[in-house]
Amino acid sequence: MEKIFEGEYRFLMVLWEHEPVPSSELVRLCSERLGWKKSTTYTVIRKLSEKGIVKNEKTIVESLVKKDVVDRQAGDELLERTCQGNIPAFFAAFLKDRKLSGEEVARIRRIIDEAQE
């Protein structure tokens, strides 16, 4: 999947919340939530369609890629850029000087246990 830029991601957040959605409604939503002009919304729809991330058929727009897939790719890129793929180093850097609640620690342990199996 091609890289998704910040503005495209913000657009996708609106789309995922309302899809499938008529493009005219998407223009209105992007104007309200993102402050975009009509032309900006249609440009992003076109670019994401060219990337195979959304489809726009008969003025109905919907995603072809789920949020968790996009989030995973972004996480992988961040991990690689900051810690060369080293997960323990990433955790250490991320958690340095942060205090976690017992609930957060338990949730992270469950995630690690599930990943280990």
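Which helix holds both Phe 90 and Phe 94, and how many residues apart are they? Both lie in helix α5, which covers residues 87–95, and they are 4 residues apart, about one turn of the helix. The model is predicted. This report starts with the overall fold, moves to the sheet, and then returns to the aromatic residues.

**Overall fold**

The secondary structure of the protein comes to 6 helices and 3 strands. Read from the N terminus, the elements run α-β-α-α-β-β-α-α-α. The C-alpha trace spans about 45 × 25 × 25 Å along its principal axes. The radius of gyration is 18 Å, whereas a compact globule of 117 residues would have one near 13 Å. Of the 117 residues, 25% count as buried. Take the contacts between residues at least 6 apart in sequence: 53% of them join residues at least 24 apart.

**The sheet and helix α1**

The 3 strands form an open sheet with the order β1-β3-β2 and antiparallel pairing. Its edge strands are β1 (21–22) and β2 (54–57), and each pairs on one side only. Strand β3 covers residues 60–63 and pairs with β2 in the antiparallel sense, over 4 bridges. One bridge can be named by its residues: Asn 56 has Val 61 of β3 as its partner. Helix α1 (residues 6–18) packs on the sheet and touches β1, β2 and β3. The direction of helix α1 makes about 105 degrees with that of β3.

Val 61 also appears in the surroundings of Ser 23. Ser 23 lies in helix α2, residues 23–34. Its relative accessibility is 6%, so Ser 23 counts as buried. Leaving aside residues up to four places away in sequence, Ser 23 touches Tyr 42, Thr 59 and Val 61.

**Aromatic pairs**

Rings of Phe, Tyr and Trp count as a pair if their centres lie within 6.5 Å. By this rule the count comes to 3 aromatic pairs. One of them joins Tyr 9 and Trp 16: the ring centres are 6.0 Å apart and the planes stand at 75 degrees, so the pair is edge-to-face. Tyr 9 is partly exposed, at 22% relative accessibility. Trp 16 is buried, with a relative accessible area of 16%. The cut-off explains the split, because buried means under 20%.

Phe 90 and Phe 94 make another pair: their ring centres are 6.2 Å apart and their planes lie at 10 degrees, so this pair is stacked. Phe 94 has a charged neighbour as well. Arg 98 lies over the face of the Phe 94 ring, at 4.1 Å from the ring centre.

**Phenylalanines of helix α5**

Phe 91 lies in helix α5 too. What is the exposure class of each of these Phe residues? The table gives the values.

| Residue | Relative accessibility | Class |
|---|---|---|
| Phe 90 | 24% | partly exposed |
| Phe 91 | 34% | partly exposed |
| Phe 94 | 43% | partly exposed |

Phe 91 can also be placed relative to Leu 79. The two are 12 residues apart in sequence, and their C-alpha atoms are 9.7 Å apart in space.

**In brief**

An open antiparallel sheet of 3 strands has helix α1 packed on it. Helix α5 carries Phe 90 and Phe 94, whose rings are stacked, and Arg 98 lies over the face of Phe 94.

Notes: Residues numbered from 1 in each chain as written. Predicted model: local features only at pLDDT ≥ 70, side-chain atom pairs only at ≥ 80, totals over all residues. Heavy atoms only, no water. Phe/Tyr/Trp six-rings, centres within 6.5 Å; stacked < 30°, edge-to-face > 60°. Buried < 20%, exposed > 50% of the residue type's maximum accessible area, 1.4 Å probe, protein only. Helix = DSSP H or I, 4+ residues; strand = E, 2+ residues; numbered from the N terminus. Lys NZ or Arg CZ within 6 Å of the ring centre and 35° of its normal. Pairing = 2+ DSSP bridges. Contact = heavy atoms within 4.5 Å. Axes fitted to C-alpha atoms, helices over the stretch in contact; angles between N-to-C directions. Rg over C-alpha atoms; globule rule 2.2 N^0.38 Å.
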